[in-house]
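Student: Could we go through this model by question and answer, with the cut-offs stated as each term comes up?
Tutor: Yes, and we can begin once the model is in view.

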Amino acid sequence: LQDYIVILKKMLELSNDEEVAAFVKNTLDAIEYETYNVHAANMKALGVTDADVESCVRTPVILRYVEYMKKQLEEGGLLYGLTALLQCSWNYAILGAILTERYPDMIAKSKYKSWFDAYTSDEYVEANESWIALVNKQAADLPDEEVEKLCEIFTTCATFENRFWDALYEYKEN
């Protein structure tokens, strides 16, 4: 999420469209709130210290994933960047909804309940719907080749997201 915040800040700098700038600013504020009030609080409750976070070594897939998202923004512009980041955000909304529906009793007792609450909140769901609507609006008049490129970016980011989780599941502390 720290990288996500960096990318959103860069988007805000690049945005000269008032609607896009407002959306990016709201998204940035929400992600910063989520990072420091949901995730940081959960990590502290689990005994993860700031020093632990700072000393974390990123796996190669995480580094490639972040670089890919940054590259989309830098080379393709705001719409490419918005598309790359959308996949991650929307993915957590979908996963949160499915898992909450499938395992409500387990989640209600889980130490990760606040994570599920954050990703299934009305605000988070509405933010993703707004994000999708903005990308669709910005892409509405693009030629088919450009729309295909946006689909490729989205799919590539989804693949990276899967590889990210695979790397976490495969990780063994030495």
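Tutor: A polar contact is a pair of N or O atoms within 3.5 Å, where within protein one must be able to donate a hydrogen and the other to accept it, and residues adjacent in sequence count only if both atoms are side-chain atoms. This is a predicted model, in which local features need pLDDT of at least 70 and side-chain atom pairs count only at pLDDT 80 or more, while totals for chains, interfaces and linings use all residues. Residues are numbered from 1 along each chain as its sequence is written, and side-chain values use heavy atoms, with hydrogens and water left out.

Student: Which backbone nitrogen lies 3.1 Å from a polar atom of the side chain of Ser 15?
Tutor: Ser 15 sits in the loop between helix H1 (2-14) and helix H2 (18-45), where helices are DSSP runs of H or I with at least four residues, strands are runs of E with at least two, and both are numbered from the N terminus. With contact meaning heavy atoms within 4.5 Å, and residues up to four places away in sequence not counted, Ser 15 touches Val 20, Ala 21 and Leu 78. The backbone nitrogen at 3.1 Å from a polar atom of the Ser 15 side chain belongs to Ala 21.

Student: Is Ser 15 buried or exposed?
Tutor: Buried means under 20% relative accessible area, exposed means over 50%, and partly exposed lies in between, using a 1.4 Å probe and protein chains only. Because its relative accessible area is 14%, Ser 15 is buried.

Student: How are H5 and H8 oriented to each other, and why?
Tutor: Axes are lines fitted to C-alpha atoms, for helices over the stretch in contact, and angles run from 0 to 180 degrees between N-to-C directions. Angles under 35 degrees count as roughly parallel, over 145 as roughly antiparallel, 65 to 115 as roughly perpendicular and the rest as oblique. Helix H5 (residues 78-102) and helix H8 (residues 122-139) pack at an angle of about 150°, with axes 10 Å apart. H5 and H8 are therefore roughly antiparallel.

Student: What hand does the crossing of H5 and H8 have?
Tutor: A crossing is left-handed if the near helix is turned anticlockwise from the far one by less than a right angle, and right-handed if clockwise. By that convention, the crossing of H5 and H8 is left-handed.

Student: Which residue has its backbone nitrogen 3.1 Å from a polar atom of the side chain of Asn 128?
Tutor: Asn 128 lies in helix H8, and at 2% relative accessibility it counts as buried. Leaving out residues up to four places away in sequence, Asn 128 touches Leu 86, Ser 89, Trp 90 and Ala 93. The backbone nitrogen that lies 3.1 Å from a polar atom of its side chain is that of Trp 90.

Student: How many charged residues are in the contact of H4 with H5?
Tutor: Helix H4 (residues 60-76) and H5 pack at an angle of about 155°, with their axes 6 Å apart. The contact is made by Tyr 65, Met 69, Gln 72, Leu 73 and Gly 76 of H4 together with residues of H5 including Leu 78, Gly 81 and Cys 88. Ala, Val, Leu, Ile, Met, Phe, Trp, Tyr, Cys and Pro count as nonpolar, Asp, Glu, Lys and Arg as charged, and the others, Gly among them, as polar. The residues of this contact divide into eight nonpolar, four polar and, as to charged, none.

Student: Which residue has its backbone oxygen 2.6 Å from a polar atom of the side chain of Thr 120?
Tutor: Thr 120 lies in helix H7 (residues 113-120) and is partly exposed, with a relative accessible area of 27%. The backbone oxygen at 2.6 Å from a polar atom of the Thr 120 side chain is that of Phe 116.
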